[in-house]
Amino acid sequence: MRDEKVRRYGSPALRILAVAALYYGSARLGLLQHLVRGQITPLWPPTGLALAGLLFFGSRIWPGIALGAFLVNLSIGPSAAAVLAITAGNTAAPVCAYLMLRRAGFRRELDRLRDALALVFLGALGGMLVSSTVGAATLALSGALERGFRPAWSVWWTGDAMGVLVVTPFLLVLRRARWPVPADRARWAEAAALGVCTLGVTLLAVSVRNSPLLFLVFPCLIWAAFRFQPAGAAPCALAVSTLAVTAAAGEFGPFAGRDLFANMVTLQAFNGATALTALLMAAVITERNRTYEEIRRACTRLAEIVSGTEPRDR
């Protein structure tokens, strides 16, 4: 009986603690690029990690999200009440996003166009309105904001949405990743070339001051989606968005000489277009390939049936 209880409750408890630890660790990384009051960042990885955890293990791991969010905000919150309110918002946002995605019939494989659209509009842009509104309003009511509600809200929403758009697809792909057997050298060489080109072009685009070169990254994203589907599109989108967030936080390149709200609008538009291009194209290509394979199998089966019904020579 005791062993049965350990197996029944031990595994969920370990998952909750693991989610809390990963949430806390990814939050400390995200805070390195904070823009408002040392706790609002344009890329908040914990939201993407939390949503991925919910998609993998279900809603039972929400205490891990709450625990991780509480520990993160405990040292940076203006007051105990504010910490509890922000923790509630940070927990409710991925849970709401998860429930909406489940209601929409979302599949973790990201192999359908509807799945990519649901992740973008329900999981990221829609679900993260909860945490950004609760968090920014809590800081405003506590008198902890110097720049006002709108800039804080825009950065908060951008950070949470970007966490879902770039981190969740990467984790969904990473969990299904398998080492190819046999390893195709040409395929690996193309993947390496794609990675080098993506990083090089993105670094160039975000380093030139007052020059609209950000669009140069989209051919790389199209290449990744067309040739590698989600397995290539998700890591490339994560790399591009991370470099863009770094540039926006440092206010260099195309983000130099602008106010905070203008930079957040530009960053949100760019990262949103990046995620849409990568995820939607990868989903369309994957869906096309699957349809082609189903048609091929159907034709093969039909040919076998026709061959079996043909009269034989006597």
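## Exercises on an all-helix model

Leucine 14 counts as exposed, because its relative accessibility is 59%. The model is predicted.

**Exercise 1. Decide where leucine 14 sits and which surface patch includes it.**

Solution.
- Step 1: Locate the residue. Leucine 14 lies in helix H1.
- Step 2: Apply the cut-off. Exposed means over 50% relative accessible area, and leucine 14 is at 59%, so it counts as exposed.
- Step 3: Find its partners. Leu14 forms a nonpolar surface patch with Leu17, Tyr24, Leu67, Leu71 and Leu74. Together these residues have about 560 Å² of accessible area.
- Step 4: Assign the patch to elements. Helix H1 (2-30) and helix H3 (62-74) each give two or more residues to the nonpolar patch.

**Exercise 2. Describe the fold of the protein chain in terms of helices, strands and contacts.**

Solution.
- Step 1: Count the elements. The protein chain has 11 helices and zero strands.
- Step 2: Read the order. From the N terminus on, the run is α-α-α-α-α-α-α-α-α-α-α.
- Step 3: Check the sequence separation. Take contacts between residues at least 6 apart in sequence; 75% of them join residues at least 24 apart.

**Exercise 3. State how much of the protein chain is buried and what its exposed area is made of.**

Solution.
- Step 1: Take the buried share. Of the 314 residues in the protein chain, 45% are buried.
- Step 2: Turn to the outside. The protein chain exposes about 16100 Å². Carbon and sulfur atoms supply 64% of that area.

**Exercise 4. Identify the nonpolar cores and the contacts of phenylalanine 106.**

Solution.
- Step 1: Start with the largest nonpolar core. It has 68 residues. Leu51, Phe106 and Leu119 have the most contacts inside it.
- Step 2: List the neighbours of phenylalanine 106. Leave out residues up to four places away in sequence. Phenylalanine 106 then touches Leu55, Leu101, Arg112, Asp115, Ala118, Leu119 and Leu172.
- Step 3: Look for another core. A second, separate core has seven residues, including Ile86, Ala136, Leu139 and Ala144.

**Exercise 5. Count the disulfides and classify cysteines 96 and 197 by accessibility.**

Solution.
- Step 1: Set the cut-off. A disulfide needs two cysteine sulfur atoms within 2.5 Å. The count is zero disulfides.
- Step 2: Test cysteine 197. The nearest cysteine sulfur belongs to cysteine 220 and is 5.7 Å away. Cysteine 197 is in no disulfide.
- Step 3: Classify cysteine 197. Its relative accessibility is 35%, so cysteine 197 counts as partly exposed.
- Step 4: Classify cysteine 96. Its relative accessibility is 31%, so cysteine 96 also counts as partly exposed.

Conventions: Residues are numbered from 1 along each chain as its sequence is written. This is a predicted model: local features need pLDDT of at least 70, side-chain atom pairs count only at pLDDT 80 or more; totals for chains, interfaces and linings use all residues. Side-chain values use heavy atoms; hydrogens and water are left out. Helices (H or I, at least four residues) and strands (E, at least two) are DSSP runs, numbered from the N terminus. Buried means under 20% relative accessible area, exposed over 50%, partly exposed in between (1.4 Å probe, protein chains only). Contact means heavy atoms within 4.5 Å. Accessible areas come from the Shrake-Rupley method with a 1.4 Å probe; for residues, only the protein chains shown count as cover. Patches are made of residues with over 30% relative accessible area and no salt bridge: like charges are joined within 9 Å, nonpolar side chains (Val, Leu, Ile, Met, Phe, Trp, Tyr) within 5 Å. A salt bridge is a side-chain nitrogen of Lys or Arg within 4 Å of a carboxyl oxygen of Asp or Glu. A nonpolar core is a set of buried Ala, Val, Leu, Ile, Met, Phe, Trp, Tyr and Cys residues joined through side-chain atoms within 4.5 Å.
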